[in-house]
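Good morning, everyone, and thank you for making time for this. Please take a moment with the sequence and the structure before I start talking about the rings and the core.

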Amino acid sequence: MSATSSTTSAPTENAAPENDFLAADAGLRPPGPTPSQSRFQVDLVAEAAGANEDKSPSSDASTTVPSSDKVAPLEALSADPGVGGEEAKGRFRVVNFADPSAAVSAASPEAPPAESLQNGDTVMSETSLHSSTGGQHHYHYDTHTNTYYLRTFGHNTIDAVPNIDFYRQTSAPLGEKLIRPTLSELHDELDKEPFEDGFANGDELTPAEEAAAKEAAESKGVVKFGWIKGVLVRCMLNIWGVMLFIRMSWIVGQAGIALSCLIVAMATVVTTITGLSTSAIATNGFVRGGGAYYLISRSLGPEFGGSIGLIFAFANAVAVAMYVVGFAETVVELLAGSGVVMTDEINDIRIIGTITVILLLGISVAGMEWEAKAQIFLLVVLVTAIFNYFIGTFIPVQAKESEGFFGYHGSIMWENMGPDFRGETFFSVFSIFFPAATGILAGANISGDLADPQLAIPRGTLLAILITGLVYLGVAVSTGSCIVRDASGNVNDTVTACKFGYDFSTCRSQKGGCPYGLHNDFQVMSMVSGFGPVITAGIFSATLSSALASLVSAPKVFQALCKDNIYPGLDMFAKGYGKNNEPLRGYILTFVIALAFILIAELNIIAPIISNFFLASYALINFSVFHASLANSPGWRPSFKYYNMWVSLAGAVLCCGVMFVINWWAALLTNAIVLGLFIYVSYKKPDVNWGSSTQALTYHQALTHTLHLSGVEDHIKNFRPQCLVMTGYPNSRPALLDLVNSFTKNVGLMICGHIRTGYRRPNFKDLTTDQARYQRWLLKNETKAFYTPVFAEDMRQGTQYLLQAAGLGRLKPNTLVLGFKNDWRDGDMMNVETYISMIHDSFDFQFGAVILRLKEGLDVSHIQGQDDLLSSQEKSSGMKDVIVSIDTSKDSDADSSKLSSKATSLQNSPAVHKDDDDDGKATTQPLLRKEKRSPTLPLNGSDQRLLEASQQFQKKQGKGTVDVWWLFDDGGLTLLIPYLLTNKKRWKDCKIRVFIGGKINRIDHDRRAMATLLSKFRIDFSDINVLGDINTKPKKEHVSAFEEMIEPYRLKEDDMEQDAAEALKDNEPWRITDNELELYRAKTNRQIRLNELLKEHSSTANLIVMSLPLARKGAVSSALYMAWLEALSRDLPPILLVRGNHQSVLTFYS
């Protein structure tokens, strides 16, 4: 029976009697998916077998498979009923997201046969999960989750065995990406709905990868090359340039055989090291199109890759012009030899060059297949020309002797062994030869068109370097062994005394008298060869093949660069056409650039720059291998093992050295261009994450330095305020975040602590997700801090967790920063007890404590629409996160935002959701979902003031004062924080005024003593005020107001029985006893008096920094302590109450 004869949700009649429990359940289910269904749910299928699993080998199963986690056409696959032992093939994950009518029968002509499945690279990947019942897959229906469980190792489980398809990034290049069961799906309780769409393990695709996936998924019959046609042929053609035929003999004449071989060997060493490095990178994971750019960018990151990619593509485009002009010059010389001249020499070169580049463009645009055929033809011509030359060296011809060719002879070889430099040096000759050795990346540049880049690039590149190096050495030795350096070409220059019957001394003494020989005749190889015109054909082949390779490489590299969107505005060149995704727009651009330089027709100036561009690429490829090895990342696992990090570093240094040897000013210009592009890309910070070795090395260095730091004892001179700031969600208290960031940025550590409490079971997955999202939010807002959320039963327990565990090694907080609890009188007083206990706990842990109070309040999370004002950066195109407020009725979690929220309702701080892109694609899973509500209502007056106050520390403070009320010596933290603040750009115009307590009869003495101390601390100040009237009694109305404030919180034990009073105190420990109130009367009056003095002296200050009063733990009730803080800081400008841990943080010793 057909496997797809039934895709409905009800079983067929013949299956119903034996599957009653399935049929009953299935009959109730709607034909389409419901929101509560998991992605494992399938429509029930017709099965020939009963419920007894022993009969399962003869059953037919129909399953539907997704092409990815997106909705896609489903494919069905059935086991042949006649073959009991053959395992059924199908997707591991079985879903019913699509309409069943969209299913395609496996028996239909469009469906690929099962036998054609290879390596899991088609839409239907093979699985090999053998069960204990004959190798069949068995699907069992579980009534708890409506899920079929696949039998793995004989057990009913959805746990998957290892499969390559789970590790793919896209479904495009090699096969379909499968999603393994998530940990939640295997671990969470059955009554929960743990399934969520998305990518696991951070495998979200970048836009470029999605585009690649889409293009490759659409393409059918793509042309892919093996290692010979794709890499070996291209590299050999590119390395065997025109230099082989018209400059190699001249190099031998200048440098001699020995030094010529040394020159070839040096160049080969550089290219071999680069080839080894290229092989290592190419075998460290799947390689896509883009050649050198892809290898460098994925290894070193977008900064290096983007800068090299642009100049490498440009260099290839100009190289097209260079090779075409070389071809045109040869043609013009031949025409001139025949007496044919179209206009003049320069214009003839331009005409022929233009015609040639148009023909080459036509071959390229016709497709990679035609281009590959042309390359094969050109290689045949080139190899024929090389063999033609070597054959000619063994055929002595009498007529050629006058031109210096005498066949192989030991004396000629010995005479030509040493150098004979005429106007050149060793390095100048080397600089002329080295460009001939480049071209080793010709194969890697079309990496996207290779069937197996990991195999093809190492094998083809290294073999090409070996073959071409041997040929260059062979030509150097052969020319030096059978041709003399100078010859007149005159058959009458014969003498009997000369060993060879010729005397060329007369022409050698005359300037330009010897037109032949190694030194003088560039076409000497044509003269020596068996058939001269074949060498000319070889020259044509060498130039045209190199031009064709460059014409293909430049658009491919440029297309890959544009796809990654490193440079905005170039994305139009990312579009590809046809089955091979040909970059036609890139071809046109390359053609225009090449044509422009062809029309210049003088490329002697541009040639060294091009060589340096290639060398810069080689240097960075070598450095990439060294850098990746140095970073010691577990992800650096190249299958090509024949590399060494230090050899690669030596290769990079050699490449840089060769750049300056070839042309020092071109090397400087190249480095300047690379540096400029590097700075630009670094500044733009493209939103990509390729797991580069730069990231790995950053981690390695951070880990090493952190461990090293842990072994060093702290010193006062190096003290930094490292703050644990109880912000809740980072965007809910902007004023607190901004102020602390002002004095910790680039100075000390800042951790945003967030305690999430609640009665329901904690959702740790959400906690982890929030941590990543809000860390991105902090980075986007340029706040140098870490977000650390924790689940706890209450606020105090959560604070204790953070005080103990936050930080790493020496990078641990030493100061707790809180917002003042403005609404302490409105809610449950046990919250006040918790709040004060947190301060006590910080001192118990030897932390300093800082409390910020704004009279308007700190928490803005309850304000509707605050995201428009606070998160504008978050809405930029590069970032999808937007922070918005949510309806708290859907979430009963409390959090640390309750501590200083001005609102009395239990408003949560903004939560983060996900939203869809405008085009419906899920390139970045949306992080926030905006509430659909009517336009935001105008804010009331208090909220408007709160919102304005929350942004006051984001602005430049202007000329004002920071008033430091250093009443008690806490080690110096009260003074250090304002000093750090006034060093920042926003606060640099503010002056520090210092207020201290003293006696009236010693005011001048105390002022001088403090001035001396501050000058020794090297802290600038504008004024010192000594307050002699601190202990004056406060005004009666202020005392009365204080007593009225604490009245509801007094125990009044004198008015009740002792037992009742003790019971009440036990139940409500925050209550103020009469004895306590009387005992601390003087301290209470001091707080009230200080508030009066603050209003008198500091009412216009930008910020007040004041010593935080201490309360003895267990002796002062939390309500009284809170009342002290309230009385002290009421109705003032922003005030920072600071108390260090009484360890010195300032020193005047060097």
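How many aromatic pairs does the count come to? Rings of Phe, Tyr and Trp, the last by its six-membered ring, pair if their centres lie within 6.5 Å, and planes under 30 degrees apart count as stacked, over 60 as edge-to-face and the rest as tilted; by this rule the count comes to 26 aromatic pairs.

Before I go through some of them, I should say that this is a predicted model, in which local features need pLDDT of at least 70 and side-chain atom pairs count only at pLDDT 80 or more, while totals for chains, interfaces and linings use all residues. Residues are numbered from 1 along each chain as its sequence is written, and side-chain values use heavy atoms, with hydrogens and water left out.

Let me return to the rings. Phenylalanine 327 and phenylalanine 540 have ring centres 4.9 Å apart and planes at 70°, so this pair is edge-to-face. Because phenylalanine 327 lies in helix α8 and phenylalanine 540 in helix α16 (residues 532–563), the pair ties together parts that are 213 residues apart in sequence; helices here are DSSP runs of H or I with at least four residues, strands are runs of E with at least two, and both are numbered from the N terminus. Phenylalanine 327 is buried at 11% relative accessible area, whereas phenylalanine 540, at 21%, counts as partly exposed, where buried means under 20%, exposed over 50% and partly exposed in between, with a 1.4 Å probe and protein chains only.

Another edge-to-face pair is that of tyrosine 1121 and tryptophan 1124, with centres 6.3 Å apart and planes at 85°. These two residues are 3 apart in helix α34 (residues 1118–1129), and so are separated by about one helical turn. Tyrosine 1121 is buried at 1%, and tryptophan 1124 is buried at 0%.

Turning to the core, the largest nonpolar one has 143 residues, and Trp240, Phe245, Phe433 and Tyr472 have the most contacts inside it; such a core is a set of buried Ala, Val, Leu, Ile, Met, Phe, Trp, Tyr and Cys residues joined through side-chain atoms within 4.5 Å. Helix α8 (residues 302–337) gives the most to this core, with 17 residues. Apart from it lies another core, of 61 residues, among them Leu802 and Met1106.

Finally, for the whole protein, there are 34 helices and 14 strands, and buried residues make up 53% of the 1150 residues.
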